[in-house]
Amino acid sequence: MKKILFVSVHPDDETLGCGGTILKHKEQGDEIYWLIVTAITPNHPLGFSDQLIAQRGEEIRHVAAHYGFCRTAELEFPEILLEQVNFRELVAKIDGAITEIAPHVIYTVNRSDVHSDHRIAFQALYACTKSFRKSFIEKILMYEILSETEFAPALRENAFVPNVFVDISPYMEQKLAIMSVFESEVMTDNLPRSYSAMKALAGYRGSRIGVKYAEAFMLLFEKC
């Protein structure tokens, strides 16, 4: 049994990027943990309503229950505004969560996603995973997120080039059902976060390993 940490910058990242893999780890008997970096809070400059804040909290609770996470850690940095956060504080909070959970495997967002929150959070998290400081970490993987990963500038250094593929065929419908909890984040057909696009991407990734549906990852670190 392994401890597996799934890092979301925003809730729904984990389901879009690795929902099937989360379910697979759970079924295999691993301990699964969820770290959410940002939040919409009452004092946010964009003025999120109390109703929306309460709805987001309910969505997180329902999704956590669906997956059966051992623990959900919420750091509550301001959503969309990570570039204004003290980076040392961000590193310290992420480092504290990783140290407390002591995961063997970490799944995190892609380093070059178009969303600045994703890029900043990745930099902070990766700074906390040096093998000589966190010897319990055995593997780190990045996942892709529709409407974020593929919209990064088409430059070589931004390319998401997967080298790990996980068969999620038995879990695809359950992944979509969990995604439906984030009702406001699901788009209509022909848009990136539509159910049809989610299935199309999973089908395409599945074709890489000869299965119906798969999720793809970039392996960044693996302890021999």
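Starting at the N terminus, the elements of this protein follow the order β-α-β-α-β-α-β-α-β-β-α-α-β. The model you are looking at is a predicted one. Counted up, its elements come to 6 helices and 7 strands. With a radius of gyration of 17 Å, close to the 17 Å that the globule rule gives for 224 residues, the protein is as compact as a globular protein of that length. If you draw a box along the principal axes, the C-alpha atoms fill roughly 45 × 45 × 40 Å.

Let us stay with the whole protein a little longer. Buried residues account for 51% of the 224 residues. Take the contacts between residues at least 6 apart in sequence: 80% of them join residues at least 24 apart. On the outside, the accessible surface comes to about 10700 Å², and carbon and sulfur atoms hold 52% of that area. As for charge, there are 23 positive and 30 negative side chains, and the centres of these two sets are 8 Å apart.

Now we can visit some single residues, beginning with valine 9. Look for valine 9 in the loop that links strand E1 (3-8) to helix H1 (13-27). Is valine 9 buried or exposed? Its relative accessibility is 1%, and because buried means under 20%, valine 9 counts as buried. Setting aside neighbours within four places in sequence, valine 9 has contacts with Ile36, Val37 and Thr38, as well as with Leu82, Val109, Asp117, His118 and Ala121. Leucine 35 is 26 residues away from valine 9 in sequence, yet their C-alpha atoms are 8.1 Å apart in space.

Two of the residues that valine 9 touches, Ile36 and Val37, lead us onward, for they also appear among the contacts of glutamate 76. Glutamate 76 is part of strand E3, which covers residues 71-78. Once neighbours within four places in sequence are left aside, glutamate 76 is in contact with Ile36, Val37, Thr38 and Ala39. Threonine 41 is 35 residues from glutamate 76 along the chain, and 7.7 Å separates their C-alpha atoms. With a relative accessible area of 49%, glutamate 76 is partly exposed. Its backbone is worth a look too: phi of glutamate 76 is near 60°, a positive value in a residue other than glycine.

Serine 147 also has a positive phi, near 80°, and it too is a residue other than glycine. You will find serine 147 in the loop between strand E5 (139-143) and strand E6 (164-167). At 16% relative accessibility, serine 147 counts as buried.

Our last stop is glutamate 215, in strand E7 (residues 214-222). Here is a charged type of side chain, with Glu counted as negative, in a residue that counts as buried at 4% relative accessibility. What does the side chain of glutamate 215 reach at 3.1 Å? The partner is the backbone nitrogen of glycine 19. Beyond its neighbours within four places in sequence, glutamate 215 is in contact with Thr15, Gly17, Cys18, Gly19, Gly20 and Thr21, and also with Val164, Phe165, Val166, Ile168 and Lys175.

Notes: Residues are numbered from 1 along each chain as its sequence is written. This is a predicted model: local features need pLDDT of at least 70, side-chain atom pairs count only at pLDDT 80 or more; totals for chains, interfaces and linings use all residues. Side-chain values use heavy atoms; hydrogens and water are left out. Helices (H or I, at least four residues) and strands (E, at least two) are DSSP runs, numbered from the N terminus. The radius of gyration is taken over C-alpha atoms; the globule rule is 2.2 Å times the number of residues to the power 0.38. Buried means under 20% relative accessible area, exposed over 50%, partly exposed in between (1.4 Å probe, protein chains only). Contact means heavy atoms within 4.5 Å. Accessible areas come from the Shrake-Rupley method with a 1.4 Å probe; for residues, only the protein chains shown count as cover. The place of a charge is taken as NZ of Lys, CZ of Arg, CG of Asp or CD of Glu. A polar contact is a pair of N or O atoms within 3.5 Å; within protein, one must be able to donate a hydrogen and the other to accept it, and residues adjacent in sequence count only if both atoms are side-chain atoms.
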